[in-house]
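This briefing sets out the main structural features of the chain shown below. Points are grouped by topic.

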Amino acid sequence: MAARQNPTLEAPDATALRVVDLDIQGMTCASCVGRIERKLGKLPGVEASVNLALESAQVTAPASVSDQELLDTVAAAGYTATPKPRAGAGDDGDTSAPERDDHLLARFIVAATLTVPVLLVSMVPGAQFPQWGWVVAALTTPVVTWAAWPFHRASAINARHGASTMDTLVSIGIAAAYLFSLGQLILDPGLTAHAMWGMPMDMGEHQLYFEVAATVATFLLLGRWLEHRARRSAADALRSLLALGARTARVVHDDGSLTEVPVGALGVGDVIDVRPGEKIAADGVVLSGHSAVDTAVITGESVPVEVGPDSPVTGATINTSGNLRVRLTRVGEDTTLASMGRMISQAQTAKAPITRLADRISAVFVPVVLAIAALTFVVWWLAVGDVRDGFVAAVTVLVIACPCALGLATPVALVAGTGRGSQLGILLSGPQVLEEARGVNAVILDKTGTLTEGRMALAGVAVSAPSGSPLPAGLGPERALALAGAAEEGSEHPIARAIAEAARAASAVDTLPAAASTAAGDAAGSGEHAASGTLLEATGFVSSAGGGVAATVDGNAVVLGKADHLEAAGIPVGAEAVAALASAEEADATAVLLGVDGRVGAVLSVTDTVKPSSAAGVAALKELGVTPWLVTGDNAAVAAAVAAEVGIAPQNVIAGVRPEGKVEQVRSLQAAGHRVAMVGDGVNDAPALAAADLGLAMGAGTDVARASADIELMGSSVTQVAQAIGLSRATLKIIRQNLFWAFAYNVLGLPVAALGMLNPMIAGAAMAASSVIVVTNALRLRRWGR
């Protein structure tokens, strides 16, 4: 019987885009990358970015194109593709790569063992003996067949699909030298028969190039093996990151019993038990217990963070001391660790704008080299009349050409740079960030949560009303805090959180916190609604970025914010309220006004502390030639005090700025010829983060701010701002060095080879070394900042 269709299910949107990550085997050079991208790009609505260093592809495709179609398209191009395991699935990365490396090493060892006697006998006349040519041919045969088989196989696969790659050049070069030499022996079996110990043949008496074929194959196998090892080393940071998650967790059941389960079985809302020394299995909130948590894997900071009830914790971090009970809020692919892995992978796979020229050249590189080799042979034959030297020059052209270095120049540097960034708690959204960071010479810093801890504490509640006007009915410091805390509960701003937490704490102990009580006077007793330790109910919550909040609380219309926000809401702000604000600000506190039922009711002040790392971070920015600016919505007195403490010049401090004002400041600096970076953490910073040439968001900030940024700083430290800019510049510098080397090597090497001025064996060694040099240069980034 046919299955019944569920009428509530809707067919998926065929035009909806999704991202598919693929592992690809068989790529050897930039030509392979271009071929796969072109093949996938022919599918409707599909865009692909292939990374040679990671042997992977990131494909954006509509739902109408199935995963199998993508795999088949890659197979049609001559390569093998498999879906990449999803981040958070517990994978350890590519385990087949070490096996491929071992396979290459075995081929190299065999080739080297056989090539040494071939080279000695062929090149040292005193080591020659009767019929040495046949012995050398026998020793060379396994080198150019079995040992060099990866080159021949890849060349044949590509030829079957009408393509040519670096393997095509290598295979043709090795085969030409071997078959030409073997043909000479077959045509004249006694070619080396008269050689005697101590009576060597003149090198001009024969045209055997077995040593060329064997040596080139051996050098290239060594280069391929070293290159693969270096590429894996560059990608180790991502693999290590994804392997850091916990494997199992103990779930706490309603009856208090514990069951150990795989992390894949965890769900949102589960409560887990975490003992000292164990990893926290997923993101969550502490229900009970106090401990210090080592967050270095996420933030790059070595100092453990103290946590207690209601503290957020992140998966893969380590509980160092007390026992914790954690309620999970994000699991699997939604965890911070998994999202970091995706972000790093996307940054490593995407194309940097600087690689466009290399991509265009790589697309035609191999056919052009084949044409140059053929032309070299013809010119030497017809113009010079020397077939022997023409053949050697043509083989040298084939052997020395290296699209591999072009293909690896950028991706391996990106892999190493982004990997080092992840170790420092710096996540780049994409390779374009490198060029955006290169010219940054001014950085705008928000205050709260960026330069300061962002963990504000209530300092005081002072009731205030315009002269001659009564306070709203029953409004005292306790009632004012209860109303303000309920209204602020829906906001993510640090000031709002401080007020809400203080209101919750006050309701639990029937009094205001000590600091607030001192400032507000003798606060005895709490409101009738606040005896349970919970906040009053708020409805109709409205938040204005940087401008305050409004809500209906316990039947009262409540508005909190700066004076202009209250006035915009129709609440007159008198001289008394302005004076109260000024008094709080003179004490280096941040103050907001509370409006209740259309009248000013109180002034609430909060204080914050500067992060210990902020001064060092500002100094590091100055060393990079970047001018720091402090642009904040806070008052001038607080802004000036913070700026003085961290080392920002007074003329670079702008206070009392609304969110749109931050955008205007960004554009003002841009108009003055600066390349501007913006650093922030809140909703009110998102527009400026998007408008800046480079946006950096604190990892502890809001989702809106993080989504608007180019770089995410998991440690939420200004020091990381300087590190992010410095690492971006270093990575771009390495990319430029690699591209220069790759271009210069080919531009100089090809004509030298065509003119017959280079031995094919030296060309083979140079070709193998070129890729290794590029990869090794990029690996220097792994030690950046150490």
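In this predicted model, S288 of strand β8 stands opposite R325 in β13. The two strands, β8 (residues 283-288) and β13 (residues 324-330), pair in the antiparallel sense over five bridges. They belong to an open sheet of six strands, whose order is β6-β5-β7-β13-β8-β11.

**The six-stranded sheet**

- The pairing within this sheet is antiparallel. Strands of a sheet in general pair through backbone hydrogen bonds, in either the parallel or the antiparallel sense.
- The edges of the sheet are occupied by β6 (258-262) and β11; each has a single partner strand, so one side of each lacks a neighbour in the sheet.
- On one side of β13, strand β7 (residues 271-274) is joined to β13 by four bridges, and the two strands run antiparallel. The bridge partner of D273 in β13 is R325, the residue that also stands opposite S288.
- Strand β8 additionally pairs with β11 (residues 312-313) in the antiparallel sense, over two bridges. Here G284 stands opposite V313 in β11.

**From β13 into helix α9**

- G332 is located in the loop between β13 and α9 (336-349). Its relative accessibility is 31%, so G332 counts as partly exposed.
- Although G332 and A282 are separated by 50 residues in sequence, their C-alpha atoms are 7.6 Å apart in space.
- T336 belongs to helix α9. With a relative accessible area of 7%, T336 is buried, because the cut-off for burial is under 20%.
- The T336 side chain makes a polar contact with the side chain of D283 at 2.7 Å, and another with the side chain of R330 at 3.4 Å.
- Beyond neighbours within four places in sequence, T336 is in contact with D283, I298, T314, R330 and M714. Two of these contact residues lie in strands of the sheet: D283 falls within β8 and R330 within β13.

**Helix α11**

- Helix α11 covers residues 387-400; at 1.5 Å a residue, its 14 residues should span 20 Å, and the distance of 20 Å between its end C-alpha atoms agrees with this.
- Eleven of the 14 residues of α11 are buried, so the helix is largely enclosed by the rest of the structure.
- The buried residues are G390, F391, V392, A393, A394, V395, T396, V397, L398, V399 and I400.
- An α-helix has 3.6 residues a turn, so residues three or four places apart point the same way.
- D386 caps the N-terminal end of α11, with a side-chain oxygen 2.9 Å from the backbone nitrogen of D389.

**Residues with positive phi**

- Most residues other than glycine have a negative phi.
- Q131, which is not a glycine, has a positive phi of about 65°. Q131 is found in the loop between α3 (96-123) and α4 (132-147), and at 29% relative accessibility it counts as partly exposed.
- D597 likewise has a positive phi, near 55°. D597 lies in the loop between β20 (590-596) and β21 (599-607), and its relative accessibility of 39% makes it partly exposed.

**The chain as a whole**

- The chain has 27 helices and 26 strands.
- Of its 786 residues, 51% are buried.
- Among contacts between residues at least 6 apart in sequence, 71% join residues at least 24 apart.
- About 32500 Å² of the chain is exposed, and carbon and sulfur atoms supply 59% of this area.

**Confidence**

- The mean pLDDT of the chain is 80, and 83% of its residues reach 70 or more.
- Residues 1-12 have a pLDDT below 50, and this stretch has zero contacts in the model beyond near neighbours in sequence.
- Residues 511-532 also stay under 50 in pLDDT, yet the model has 43 contacts for them beyond four places in sequence.
- Where pLDDT is low, the predicted coordinates should not be read in detail.

Definitions and conventions: Residues numbered from 1 in each chain as written. Heavy atoms only, no water. Expected span 1.5 Å × (residues − 1). Buried < 20%, exposed > 50% of the residue type's maximum accessible area, 1.4 Å probe, protein only. Polar contact = N/O pair within 3.5 Å; in protein donor to acceptor, adjacent residues only side chain to side chain. Pairing = 2+ DSSP bridges. Contact = heavy atoms within 4.5 Å. Areas by Shrake-Rupley, 256 points an atom, 1.4 Å probe, with all protein chains shown as cover. pLDDT = per-residue confidence, 0-100.
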